[in-house]
Amino acid sequence: AAGRRWGRRQRVLLWGVLLAAWEAAWGQLRYSVPEEMPKGSFVGDAARDLGLQLPELRDRGIRVVSQGRTQYFSLHGKTGHLVTAEKIDRENLEELCGESSSCSVSFEALVHNPLNVFHVEVSIEDVNDNSPTFSKAALELEIGEWTLPGSRFPLEMARDADVGSNSQLTYQLTSSPSFSLAMKERQGGKKQPELVLERALDREKQSSFELVLTATDGGDPFRSGTIQIRVNVTDANDNPPVFSKRVYEARVAENLPVGSLVFRVRATDADAGSYGRVSYSFGNVPKGVRELFTVDRESGEVKTGGLLDFEERTKYSFELEAMDGGGLTDHCEVLIDVTDENDNTPEITILSASSLVPEDAPVGTVVALLNVNDPDSDENGQVTCELSGEAPLSIVASSGGSYKVVTASALDREQAAEYRVTVVARDRGSPALSSRTELVLEVSDVNDNAPVFEEAAYSAYVRENNAAGALVVRVSARDADAGANGLVSYWVAGGSAGAAPLVSVEARSGAVYAQRSFDYEQCREFALTLRAQDGGAPARSSTATLRVFVLDENDNAPRVLWPAPAAGAGPAAAAEPPAFEVVPRSAEAGYLVAKVVAVDADAGRNAWLSYELVQASEPALFRVGLHSGEVRTARAVSDRDAAKQRLVALVKDHGQPALSATATLHVVLAESLQEALPELSERPPGADAAAELHFYLVLALALLSALLVLSVALAVLARLRRA
């Protein structure tokens, strides 16, 4: 028998595995497993049926999420096998199976990276693990000796908790010439055993009979149960009680107050006195019926003894027994349907939620997986889900009461780094019930923004003669990304010819420093290209231009071009004739004598020149233009004026402080060049001193030569004398 049972379990598992492989492509898996399998028993290779290899299984991860409080199955993390989490007794799963011939457990299998959900349904196959049982160990019947042969007496029906063929019962009665067993067909296909009187009874010959009724189920191997029947032969009670109906049906709402009347049964007995007095009680009833219902022994009123819950059980079927004072009985069947009330709010379970979603996640990315369950039925259990709140998310219904929260549009962390939405589940009952739960979605940063300079073009002004290392300007670029993606560094990417070595930029702060001192007269401006780059991978960058303008400082004195200054100091310079101008003695006031020409290498006010006469032989005879540098006569030349005039002009710029230079101009007052030559041939002042100096130099040189000759002669004479 044990071998046959194990072979049947193997066939069930084989068919379950084949069915799972066929339906995996449709987003759901189906398996079958017999009940009473020990904990850890193999149900199916879920990983293989989902197309997952073992390395991929370790990387992605898979787990089971059950809807109810009890988890009957689990997934082996290393093999991906679906196994039983505990020993399953089908008869104890009343909330899932009840008395239905089919029983299944549904749950979700979650696969991560990317997130996906598969509906798994495991059918629990019944095993013949329950024997038929009677509510009593013994039954006593009283039959009058005048009862005619062929009379029938209803017997108690046995109850088998199994389903299908395992609960189909047959009855056998121990052999007796006075009694036989007959079966009466009842509503729903059930068979009521009845004791049939085969021949007349004689109390004086035999006052009682001991019989055994055996109930056998249709399982393989079969199971059986027995009840002892004692028949007492009487001489008065010849009519058994009879119910007014063979089947009583009622519909009651769940949550009915305790003590509420469900219905009333009635049985009559044609006898008089105590034999005609009928009492009511439960027959062979399933477990839990006596806690939920009561029957009044006298009135036959059936009332609620506990709170009915549609979600726990929707139908109740049991027997009531009517017994008269003489021990004769009758049985009726009671069918109670519990109607649903909208007394359960939808339950929202977050099966999986991504705490961080990258902002470049494509539209339709699953960010959360929910399961919504309403234990109510029909419209009371039909649930709709929606999202409340401003977020680029939508909710999509999946299989088995599951919902996916997916991205409805592109995410942008720079606009919103976090989204908070409320999932609202509402049933269709009247009035409708709803529940809420909040989802928090954080958007992780992706390097999708390049640094942006605060200005596209920068201008900086630096005075010349600056110190090396002086700050020129500080640039700044902003990157909207976060972390390393928003960390900006700077460098010089290029520029005009020779500009790169002039400055350097600090990588982190963006401060631009001068590498050396600038000279306005050599370089007045230069341009650079600065680059800002973030720390992302791959990195993003942008550029900005920097124009540096060198500001002039008054560091150059005016330089006189004419009259040309002396080339140097010394006798040679003193011997050179100075520049001169010839002015006729007939010159009137305003006569242009000469023009002092000077330049200044500086710019702006630093190069604005002004002229003034600081020294003259006849101060009243000449004047110089303030801005033009033209030397003119201030009055008419007279005969009293000296023939030779010396003028010194001061050339000064407008810098702070001002710098200056002087120009010396010699003027000869003569009508013609021939008249001026005698004046020019005269030795200039200091010529005698120069000649005298020249004489002494020649004399010293001669004395030194004579002394050298004398020394040589003395040395020769001394050598000759010694020889």
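Let me start with a term: Ala, Val, Leu, Ile, Met, Phe, Trp, Tyr, Cys and Pro count as nonpolar, Asp, Glu, Lys and Arg as charged, and the others, Gly among them, as polar. Hold on to that. What you see above is a predicted model.

First topic: cavities. How many cavities of 30 Å³ or more does a search of the whole structure find? Three.

Take the largest cavity. Its volume is about 70 Å³. Which residues line the largest cavity? Here is the list: Ala353, Ser354, Val367, Ala368, Leu393, Val405, Tyr419, Val421, Leu439, Val440 and Leu441. Now use the classes. This lining has 10 nonpolar residues, one polar and no charged. Ser is outside the nonpolar and charged lists, so Ser354 is the polar one.

Where does that lining come from? At least two residues each are supplied by strand E26 (366–373), strand E30 (418–427) and strand E31 (434–444). Which strand gives the most? That is E31, with three residues.

On to the second largest cavity. This one has a volume of about 40 Å³. Around the second largest cavity sit Pro563, Val596, Leu613, Val631, Leu647, Val648, Ala649, Ala663 and Leu665. Two elements give two or more residues to this lining: E48 and strand E49 (660–669). E48 gives the most, with three. And the classes? Nine nonpolar, no polar, no charged.

E48 and E49 bring me to the second topic, a sheet. Four strands make up this open sheet. Their order is E42-E49-E48-E45, and the pairing is mixed. Which strands stand at the edges? Strand E42 (580–583) and strand E45 (610–616) do. Each has a single partner strand, so one side of each is left without a neighbour in the sheet. Neighbouring strands here are turned by 35° against each other on average, direction ignored.

A reminder for newcomers: strands of a sheet pair through backbone hydrogen bonds, either parallel or antiparallel.

Now look at one pair, E45 and strand E48 (residues 644–652). In which sense do they pair, parallel or antiparallel? Antiparallel, over six bridges. Here is a position to find on screen. Glutamine 615 has valine 648, in E48, as its bridge partner. Val648 came up a moment ago: this residue is also in the lining of the second largest cavity.

To recap. The largest cavity, about 70 Å³, takes three lining residues from E31. The second largest, about 40 Å³, takes three from E48. And E48 lies between E49 and E45 in the order of the sheet.

Terms used. Residues are numbered from 1 along each chain as its sequence is written. This is a predicted model: local features need pLDDT of at least 70, side-chain atom pairs count only at pLDDT 80 or more; totals for chains, interfaces and linings use all residues. Side-chain values use heavy atoms; hydrogens and water are left out. Two strands pair if DSSP finds at least two bridges between them. Axes are lines fitted to C-alpha atoms, for helices over the stretch in contact, and angles run from 0 to 180 degrees between N-to-C directions. On a 1 Å grid over the protein atoms alone, a cavity is a set of points where a 1.4 Å probe fits but cannot get out, and a pocket is an open set with protein on both sides within 12 Å along at least five of seven lines; lining residues have an atom within 4 Å of a point. Grid points are joined across faces, edges and corners, and a volume is the space filled by probe spheres set on the points.
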